[in-house]
Each structure stands twice: as structure tokens, then as C-alpha cells.
Amino acid sequence: MAKPRSKKTRRRAASDRIDDRVTILDHPSRRSPIIPLEIIGMIMDEYVAGESDVKRLSRTLGRLAQSSRFLLADAERRLYSVVKFVVGSPAAQKIASVLRSRTAKYVRTLEISNYGPALRRGRSTASNVSALPFSLMTALRHLEVKFAPCELFEPGTDINCELFDLLRDQLPENILHSFVCRRALAASHLIFLDRHPNLKSLTLENIYTEIQPAEPDAHDFARLTNVVEMSVTDVDETSQSYYFIKRSELRYLTFTRIFSIPRDWASHAMHLRVLDVMRITLDQSALERVVDCSPQLQLLLFTLCDSPKTNPFDVLYRLERLEALVIMEKNLFATYTCSVVPKDDDLRFKTLHTVLIMSKYSAAFEYCRATGVAHMTDESDVAVGGLLGFVSEWKAKQIRLIQNGHVEQSA
């Protein structure tokens with residue numbers, strides 16, 4: 001007859017049975033966690049999507065990366081997918097070191113800020129752009145460069161070319177999808193873009209030329225034919241920016257300072273879905289030219305001229321695909337536009353669903369044609385960014401609706 005086991009033996013046997021069913025997440029004798037890594041990744045994605053506090057998100061992902069070797073790669077992949085590198089900051093050296101060691105391959109969005117003059121001889125480069133391992137950033141899709149305040153000078157002034165030389169020589173070819181730099185740059189600074197023919201979005205303050213009149217095509221960016229979204233201060237037939245417009249079938253275009261319509265504008269603007277000239281006043285002739293040259297427009301933003309001679313909606317109805325509209329009125333209360341906005345029974349506007357009426361940076365009236373209700377937003381209702389920030393978010397929302405609608409139609 002078998003000898004009865006002691007309580008200690010029974011507890012050990014029970015513990016062994018539990019260990020057979022449950023795998024401790026980071027137990028050295030186990031090969032994988034009890035929860036599949038795919039599920040863990042989905043949980044992380046859900047958390048990342050729902051967390052709006054960037055600092056808290058970074059802290060949490062950092063702790064997850066340190067807590068388990070099973071979580072390290074997934075946590076770092078999300079932690080370093082967006083990197084903000086502040087040149088000269090205390091954190092810059094640490095970020096560059098970690099990127100060089102193992103995480104550069106995860107970077108999809110890189111924001112370089114406080115970029116300034118070249119370092120003097122003898123200064124440390126550990127927190128400068130030269131410390132960034134561009135050659136290892138094989139997944140980089142979005143790049144933004146912000147200059148230090150002292151570097152915001154007029155076109156023609158020499159700037160530090162180090163970053164642009166590094167991008168030209170080290171960044172892997174054909175990976176960028178978007179580039180943003182809100183500072184006037186020479187065409188020679190942008191030569192690195194020629195190595196990224198799949199570039200889709202380009203935001204530039206301006207491009208000034210350093211070439212001689214006898215060499216008009218020295219930097220014509222001939223490979224960049226896939227740009228569909230562009231934002232520039234102004235454009236004319238002789239500007240470098242116009243090269244991009246002529247060679248691409250743009251869908252989304254923003255002008256922030258001057259909108260001078262070139263003679264051959266119709267041949268380049270016929271594919272536009274979104275045109276943002278909200279900071280620019282359009283008189284009746286300019287508005288008619290826009291409507292005639294861009295019949296596919298679904299979203300238009302512009303400033304109405306003082307004392308318009310005719311109702312702008314008597315011109316806008318010719319845009320048969322127009323879905324949303326922003327009109328800035330210099331009048332404090334935007335009374336004119338509010339009085340002429342088309343009602344739901346105006347059959348000329350079959351697709352127009354929303355009109356956002358702006359009174360010179362003081363209030364916005366969002367008019368829904370289906371309900372006939374106008375909702376007002378003023379400065380006191382906007383916590384960050386003011387009314388211009390509100391309009392930017394509103395515009396982004398409308399573009400998403402347009403894009404989603406296009407996908408559904410294509411499907």
C-alpha cells in the first residue's frame with residue numbers, strides 16, 4: 001500500500017500542475033508567453049490609438065520594453081515609430097545612441113527641430129544631426145525639419161547644408177512619402193528628394209533658385225511625378241515650386257501667401273480635389289477662373305473680397321462635386337455670406353453638405369444644409385490653436401471624408 005504523501009509534497013505537485021498550464025511571461029525556462037505576441041501587439045495598438053498624452057504614452061511603452069524580453073521588440077517598435085529629435089537638447093544624444101544600437105529600423109516619422117548653424121570646430125556632435133543613423137532608417141516615411149528661431153532669415157542667406165547633405169548621401173533610396181519644411185530653401189538643398197520618386201506630400205515655405213538663367217532646368221525634380229499633396233507660400237511660372245506642380249497630378253494644394261494663377265493653370269489644376277487659398281482674397285474673376293480650371297474640386301477654402309458684386313454661390317454651383325466649403329469674410333460678423341448661403345432646397349448644389357463661414361478670425365459658423373442649423377464656434381471655444389487651428393482640424397476631417405468616399409467608390 002502506497003505511503004500517503006505529506007502536505008508539502010501535495011503542494012509541490014499542485015504547483016507543478018499549475019506551471020504545466022500557465023507560462024510565466026518572462027520565465028527563463030519558457031520559450032513564449034501564455035498570451036500570443038499577436039494579441040499583445042493588438043493590445044498595444046489599442047492603447048497607442050487611445051492615448052492622447054504623448055509623454056504618458058512614451059513612459060508606458062518604455063516601461064513595457066524594460067519589463068520583459070518578449071515585449072521589448074513590440075514596445076520599441078511603437079515607441080520609436082515617431083521620433084522627435086531636438087538638436088542640441090540633453091535627450092538628443094541618448095535618442096541617437098538608441099537609434100544607432102537597434103531601433104532606427106522602426107522609425108517611420110522623424111521630426112528634427114532646432115536645426116541651426118554648423119557647429120564650430122571642437123564642439124560635440126553627439127546631439128547634432130550628424131549623430132542620427134539615417135542609413136539605418138529603412139522604414140522612414142515622413143520627415144519634417146524645423147529650423148531654430150535664429151535661422152528664420154530671408155531667402156538667399158546661407159544656411160547649414162549638413163543635414164541636407166546627410167539626407168542625400170545616407171538616407172536609403174525611395175522610402176520617403178512626405179517632407180515638410182516651413183522655411184525658404186534653395187533648390188540645391190532639396191536634391192535629396194530626387195532619390196524618392198514615390199514622394200506623395202510636400203510642404204515648403206518657398207524654393208528659391210541659385211541657378212543661372214541659362215540653366216533653367218538644372219534642378220527640375222523630374223523624377224517627382226507622384227506628388228499629390230503640396231503646400232507652398234506662392235507660385236508663378238518661373239518659380240521652382242512650379243516644377244512640382246507641372247509634373248504631378250496634384251489632388252490637394254494649399255497656398256499660404258500669394259495665389260497668382262499662371263496662364264496654363266487649367267492643364268495642371270484639372271485633377272484638384274482640394275484647394276486651400278483661405279488666406280488669399282479671391283475676387284469674382286479669380287473665383288471664376290478657379291471654378292473653370294478645377295471642375296473636380298470637392299473642398300474649397302478662400303477669402304471673399306470686400307463688397308462682392310455678385311453672389312459667389314452663383315459661380316460655385318458649377319462645381320458639381322463640391323462637398324464642403326470654407327469662406328472667410330472680412331466683415332466681423334460675416335453677415336453677407338450667412339445671408340446668401342444656399343438652402344437645402346437649392347437644387348444647384350447636389351453634393352454640398354457643409355459650409356463653414358469664417359468672420360475674420362473671430363468666429364466660425366458651420367452651416368449644415370441638411371438640417372438648416374448653423375453652429376457657432378468662437379475663440380473662447382477653442383483651447384489650442386485658435387480658430388485657425390480649428391479650421392485646420394475641420395479641413396483634415398473633410399479630407400478624410402473625401403478620401404474614404406473615394407475608396408468606397410473605387411471598391
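Select Arg348 first: at 36% relative accessibility, Arg348 is partly exposed. This is a stop in a predicted model, and the residue serves as the entry point to its charged pairs. Add Asp346 to the selection; a salt bridge joins Asp346 to Arg348, with the closest N and O atoms 3.0 Å apart. Asp346 has a relative accessibility of 18% and counts as buried, because the limit for that class is under 20%.

**The whole chain**

Next, display the full model as a cartoon. The protein has twelve helices and 13 strands. Of its 411 residues, 44% count as buried. Among contacts with a separation of 6 or more, 62% are between residues 24 or more positions apart.

Colour the chain by pLDDT. The mean for the protein is 79, and 77% of the residues reach 70 or more. Then select residues 211-217, where the pLDDT is below 50; this stretch has six contacts in the model beyond near neighbours in sequence. Residues 407-411 also stay under 50, and for them the model has one contact beyond four places in sequence. Where pLDDT is low, the predicted coordinates should not be read in detail.

**Further salt bridges**

A search of the whole structure finds ten salt bridges. Two further places are visited here.

Select Asp276 and Lys395. Their side chains meet in a salt bridge, at 2.9 Å from N to O. The pair links distant parts of the chain: Asp276 belongs to strand β8 (residues 274-282) and Lys395 to helix α12 (residues 386-410), 119 residues apart. Are these two residues buried or exposed? Both Asp276 and Lys395 are buried.

Now move to Asp165, Arg168 and Asp169, which are linked in a network of salt bridges. Within this group, the side chains of Arg168 and Asp169 meet at 2.9 Å, N to O. Arg168 is partly exposed, with a relative accessible area of 36%. Asp169, at 53% relative accessibility, counts as exposed, because that class begins over 50%.

**A hairpin of two strands**

Select residues 363-368 and 373-378, which are strands β12 and β13. The two strands pair in the antiparallel sense over six bridges. To follow the register, show Glu366 and look across to β13, where His375 stands opposite. The strands form a hairpin with four residues between them. Which residue in the turn has a positive phi? Centre the view on Gly372, whose phi is about 75°.

**Positive phi outside glycine**

Two asparagines may be inspected next. Asn114, in strand β2, has a positive phi of about 65° although it is not a glycine. Asn114 is partly exposed, at 36% relative accessibility.

Asn174 lies in the loop between α6 (162-170) and β4 (178-186). Asn174 likewise is not a glycine, yet has a positive phi of about 60°. The relative accessible area of Asn174 is 35%, and the residue counts as partly exposed.

**Two buried asparagines in loops**

Select Asn128, in the loop between β2 (109-115) and β3 (142-147). Where does the side chain of Asn128 make a polar contact? Show Glu162: a polar contact of 3.1 Å joins the side chains of the two residues. Asn128 counts as buried, at 7% relative accessibility.

Then go to Asn311, which is found in the loop between β9 (299-304) and α10 (313-316). The side chain of Asn311 reaches the backbone nitrogen of Phe313 at 2.9 Å. Leaving aside neighbours within four places in sequence, Asn311 is in contact with Tyr336 and Val340. With a relative accessible area of 19%, Asn311 is buried.

**Cysteines**

For the final stop, display Cys181 and Cys293. How many disulfides does the structure hold? The count is zero. Cys181 is buried, with a relative accessible area of 0%, and Cys293, at 6% relative accessibility, also counts as buried.

Terms used. Residues are numbered from 1 along each chain as its sequence is written. This is a predicted model: local features need pLDDT of at least 70, side-chain atom pairs count only at pLDDT 80 or more; totals for chains, interfaces and linings use all residues. Side-chain values use heavy atoms; hydrogens and water are left out. Two strands pair if DSSP finds at least two bridges between them. pLDDT is the predictor's confidence in each residue, from 0 to 100. Contact means heavy atoms within 4.5 Å. A salt bridge is a side-chain nitrogen of Lys or Arg within 4 Å of a carboxyl oxygen of Asp or Glu. Buried means under 20% relative accessible area, exposed over 50%, partly exposed in between (1.4 Å probe, protein chains only). A polar contact is a pair of N or O atoms within 3.5 Å; within protein, one must be able to donate a hydrogen and the other to accept it, and residues adjacent in sequence count only if both atoms are side-chain atoms. A disulfide is a pair of cysteine sulfur atoms within 2.5 Å.
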